[in-house]
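Good morning, everyone, and thank you for making the time. I would like to walk through one model with you this morning, going from sheets to the interface and then to some backbone details.

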Amino acid sequence: MSALSIVTSEISNKRLLHPLEGRPMRQKLMTPAAVVAELRSGMTIGIGGWGSRRKPMTLVRAICRSDLTDLTIVSYGGPDVGLLLAAGKVRKLVYGFVSLDSIPLEPHFRAARQSGAIEVAEYDEGMLQLGLYAASCRLPFLPTRAGLGSDVLRVNPDLRTVRSPYDGEELLAMPALPLDAAIVHASRADEAGNAQFLGPDPYFDDLFCTAAQRAYVSCEKVVPTPELTASAPVQTLRIQRWMVAGVVEAPHGAHFTSCEPDYGRDEEFQREYAGAASDPAAWAAFRASYLDRDETGYQAAVTARRDATLGAS
Amino acid sequence: MTGAATRAEVCVVACAEAWRADGEILASPIGLIPTIGARLARATFSPDLLLTDGEAMLGQGTWAIGSQPQVIEGWMPYRAIFDLIYNGKRHVMMSPSQIDVYGNVNISAIGEFSRPKAALLGVRGAPGNTVNHPTSYWVPRHTTRAFVQRVDMVSGIGYDRAAQAGEPASRYHELRCVVSNLGVFDFVTSGHRMRLVSVHPGVTVAEVCEATGFDLVVPDDVPLTREPAARELQLIRSVIDPGGARDAEVRG
């Protein structure tokens, strides 16, 4: 049997053997519950995606159902932040914005801010990127102009400036934002944790992963490794397995945020979410319909809702 | 296709003028009227501008609100936008909730930051934008609640803050213009206080001053904002915004 045919048969068996040792590669497939079981109250958790786009909502919902508390959440925020706030999981929020995109203001975020319920670190969105990048590079800070002269310094009194040793310029020293864990949602992944983005923008998901001690990638579909590059260029493989601790197969796992090209944002559902969020009774009903059940129940309720809407129109 | 320009169309052209001298940089309009304006600018007097589809693609040609560009000329995910911001080859037009006489703006929170009366978006990219490249503003409803003595949370920095923060903040800081539904403004005055550049047809200087919560610099002669040219009206009405979305944002 030739070396090539051995490799081929191994791939078809979905068990990648090291050519010399013959030991199977690490398997990282997990359930959402198993991911949550690895998290602890008080942790700092980064969430990938952007606004109401490609958020790891299956994992967010799993955290909402757990007994985790006092989390510090770092996010380019959308309904991930809203759901976690509504579930009382957040002690501190680190963000540049929180928005539902097609609905500019996130109602749970507004309520939490306006009641003073949470501690916040509001940064320029570029500062957030540099904080994640500094953590990824194991640096204490990275210099930037962003934030200088603004009230970001007033409301974050721990921020410091740093003088350039080359020309004396005094710049903002954006501190590293190390994460205990990161959760992101990809289009495809293999069982080893190589993950692929088929949509228009990878956002900062790889930085969330590399800034974290442990990163968990949910994806629309787990596929054999060769399939990842069979129909898409290798440049879509933005996340590599060395960054990843666990892989979760979660079809519609970004719902109701977008996950192009598999699906767009569920605008109708988002409108229902935002409408319910601004009224306690309506929110209780929304929770009973969609959130006080497991992920299978959630997805079934979403499907039933969509069928009912289509039937009515 | 005929008829006098509406206020919305005057505003579109005033926004377009913000990008007139910019050359080959990324025009980043936030919101509807600036978006129509940026596409109009490129279709007419600023052909070298780069424009995104609002997501991650750079598009060529002129496309309608709600549709996609036919020719993609580049990839501009958020990470590339951030790199571009630091490089400076960008002119953004944002839409603040509050703006003051020196051009400080607030898009973050109304009231005390620790427990705001109204939480808005967050500072987003405003701090970084304003210290890295030219910035302009669009205010669809010019009132004393928008044009204020003092903004509650300085998100994008004005000329006084840039000067106080020193060379690293002021070196690339430049506020080009402010367009509202009433007029056009800039900061080309001693001390960089906001100046009334023109009032839109049908608006008086007194109306503008009354709707402004601070003392504007008002020259002796305030011209009218220029009317859209026939070619511009044709582009706005039949190519860029055939659905008339602009009329919902600015009436009259």
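Let me begin in chain A, where, in what I should say at once is a predicted model, three strands make up an open sheet in the order β6-β8-β7, with antiparallel pairing. At its edges stand β6, residues 141-144, and β7, residues 160-163, of chain A, each of which pairs on one side only. If you look at how neighbouring strands of this sheet lie against each other, they are turned by 45° on average, with direction ignored.

Staying with β6(A), you can follow its antiparallel pairing with strand β8 of chain A, residues 170-175, to which four bridges join it. To pick out one position there, A:Pro143 has A:Ala173 in β8(A) as its bridge partner. Packed on this sheet is helix α6 of chain A, residues 125-136, which touches β6 and β8 of that chain, and whose direction makes about 145° with the direction of β6(A).

Now please turn to the second chain, where chain B has an open sheet of six strands in the order β1-β5-β10-β11-β12-β13, and here the pairing is mixed. The edges of that sheet are β1, residues 26-29, and β13, residues 195-199, of chain B; each has a single partner strand, so one side of each is left without a neighbour in the sheet. Neighbouring strands in this sheet of chain B are turned by 15° against each other on average, again with direction ignored.

At one end of that order, strand β12 of chain B, residues 183-186, pairs with β13(B) in the antiparallel sense over four bridges, and within that pairing B:Phe185 has B:Leu196 in β13(B) as its bridge partner. Helix α1 of chain B, residues 7-18, packs on the sheet and touches β5 (90-94), β10 (135-139), β11 (175-180) and β12 of chain B, while its direction makes about 175° with that of β11(B).

How many residues does each chain bring to the contact between them? Chain A gives 45 residues and chain B gives 41 residues. The area buried between chain A and chain B comes to about 3600 Å², and carbon and sulfur atoms give 53% of it.

As for specific pairs, five salt bridges are found across the interface of chain A and chain B, and I would point to the one in which the side chains of A:Arg53 and B:Glu55 meet, at 3.1 Å from N to O. Across this interface there are also 25 residue pairs in polar contact, with both residues at pLDDT 80 or more. On the side of chain A that touches chain B, the elements that give two or more residues are β4 (90-98), α5 (107-114), β5 (119-122), α6, α7 (152-155), β8 and α8 (205-210) of chain A. The residues of that side divide into 21 nonpolar, 10 polar and 14 charged.

Finally, some backbone details in chain A. The peptide bond from A:His255 to A:Phe256 is cis, with omega near 10°, and A:Phe256 lies in the loop between β12 (246-249) and α10 (267-277) of chain A. Another cis peptide bond joins A:Glu260 and A:Pro261, with omega about 0°, and A:Pro261 is likewise found in the loop between β12 and α10 of chain A. In the loop between β2 (44-47) and α3 (57-65) of chain A you will find A:Arg54, a residue other than glycine whose phi is nonetheless positive, near 40°.

Definitions and conventions:
Residues are numbered from 1 along each chain as its sequence is written. Chains are lettered from A and ligands numbered from 1 in the order in which they are written. This is a predicted model: local features need pLDDT of at least 70, side-chain atom pairs count only at pLDDT 80 or more; totals for chains, interfaces and linings use all residues. Side-chain values use heavy atoms; hydrogens and water are left out. Two strands pair if DSSP finds at least two bridges between them. Axes are lines fitted to C-alpha atoms, for helices over the stretch in contact, and angles run from 0 to 180 degrees between N-to-C directions. Contact means heavy atoms within 4.5 Å. Buried area is the accessible area (1.4 Å probe) that two parts lose on being put together, summed over both. A salt bridge is a side-chain nitrogen of Lys or Arg within 4 Å of a carboxyl oxygen of Asp or Glu. A polar contact is a pair of N or O atoms within 3.5 Å; within protein, one must be able to donate a hydrogen and the other to accept it, and residues adjacent in sequence count only if both atoms are side-chain atoms. Ala, Val, Leu, Ile, Met, Phe, Trp, Tyr, Cys and Pro count as nonpolar, Asp, Glu, Lys and Arg as charged, and the others, Gly among them, as polar.
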